[in-house]
Amino acid sequence: MSASPATPEPRAYLDQALRHADVARLLGSAKRHVTPHPGGVVTWHEWGEGPPLLLLHGGFGSWLHWVRNIEALARHFRVLAADMPGLGESHAVAMEGQPTAADVAVPLLAGLNQLIGVETPVRLVAFSLGAVIGSQVALGLGERLVMAVLIGPSGLGDLWRNSTTELVRRHPGMSEEERRANVRHNLRYSMIARDEAIDEMALDIQIDLTRQKRRLLGLPISLSNALVDAIPQLMPRLAIIWGEHDCYMNPDVRGAVAELSRRLPGLPVRIIADVGHWAAYEAAAEVNHMLLEFLLSRRIVKE
């Protein structure tokens, strides 16, 4: 058996995002953990105290997807933001072929148990690709799951579509100005609905995240039925938040929500007007309020 890869260098993929005070402050205040798995390690960043709250980011992402949410959540919870296996500072799962959402969930659940213990109740917030994988973590938690809130999830079968085909690719000959214009265009198309919401921090985070060496191919997982199949087992400990203009929903957010509600009556859903896929960034204050409303509404005796 070959040796496990070395622990990833902290912040190796970060460059331009480090210019921003919000990012620097969070990095400076975080506790960093690594938990082993057969392919290497999962890297975690921790803030706050209280009941544990697991954050799972989206595709091409890292904990930075939560840069505008962590501090609000850490006032109430022990926030544990994982870099999912194959992204950020975490190694990919060790297997032949394309991993499923359940495969990626295994080292996350094992690492979480190592950090908090195997009996501790957990809350979960997950975004996009992380929501599909998070649903499998939630199933593994069983009765330990207090509440899961999913933001802009994929894994919904025919209610989710691949909109990444419309993104404009960068090429090596681009100037810095051209690269930033390219990233702005792609953010506007796929992540953030309003031009004025694409600030310099969003641009720099996206530049760093899309430059990282991706070792997890998320599209097959996003196109799967993994989440929609898991929802009946997770209700009523589940809620979903969408930005109204999330471009990945089929035929659109309101149409997909209507169909999902028909199939799964009673599923709590919130739609935020005039917001795109990355709602946790574009409408951070509103999302933070909703998250705390959902997460603090369910309490259990063991806490």
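**Close-up 1. Arg32 and its salt-bridge partner in the predicted model.** Arg32 is partly exposed, with a relative accessible area of 32%. Its salt-bridge partner is Glu89, and the closest N and O atoms sit 2.7 Å apart. Arg32 belongs to strand 1 while Glu89 is in the loop between strand 4 and helix 3 (101-116), so this pair ties together parts that are 57 residues apart in sequence. Glu89, for its part, is buried, at just 2% relative accessible area.

**Close-up 2. The open sheet of 8 strands.** Read across, the strand order is 1-2-4-3-5-6-7-8, and the pairing is mixed. Strand 1 (31-37) and strand 8 (269-272) are the edges, each pairing on one side only. On average, neighbouring strands are turned by 20 degrees against each other, ignoring direction.

**Close-up 3. Strands 3 and 4, side by side.** Strand 3 (residues 52-56) and strand 4 (residues 78-82) run parallel and are joined by 5 bridges. For one of the pairings, look at Leu56: its bridge partner in strand 4 is Ala82.

**Close-up 4. Helix 9 and the salt bridges of Glu259.** Helix 9 (residues 253-263) lies across strand 7 (238-243) and strand 8, at about 160 degrees to strand 7. Within this helix, Glu259 meets Arg262 in a salt bridge (2.6 Å, N to O), and Arg263 in another (2.8 Å, N to O). Arg262 is 3 residues from Glu259 and Arg263 is 4 residues from Glu259, in each case about one helical turn. Glu259 is partly exposed at 22% relative accessibility, Arg263 is partly exposed at 34%, and Arg262 is exposed at 56%.

Conventions. Residues numbered from 1 in each chain as written. Predicted model: local features only at pLDDT ≥ 70, side-chain atom pairs only at ≥ 80, totals over all residues. Heavy atoms only, no water. Pairing = 2+ DSSP bridges. Helix = DSSP H or I, 4+ residues; strand = E, 2+ residues; numbered from the N terminus. Axes fitted to C-alpha atoms, helices over the stretch in contact; angles between N-to-C directions. Contact = heavy atoms within 4.5 Å. Salt bridge = Lys/Arg side-chain N within 4 Å of Asp/Glu carboxyl O. Buried < 20%, exposed > 50% of the residue type's maximum accessible area, 1.4 Å probe, protein only.
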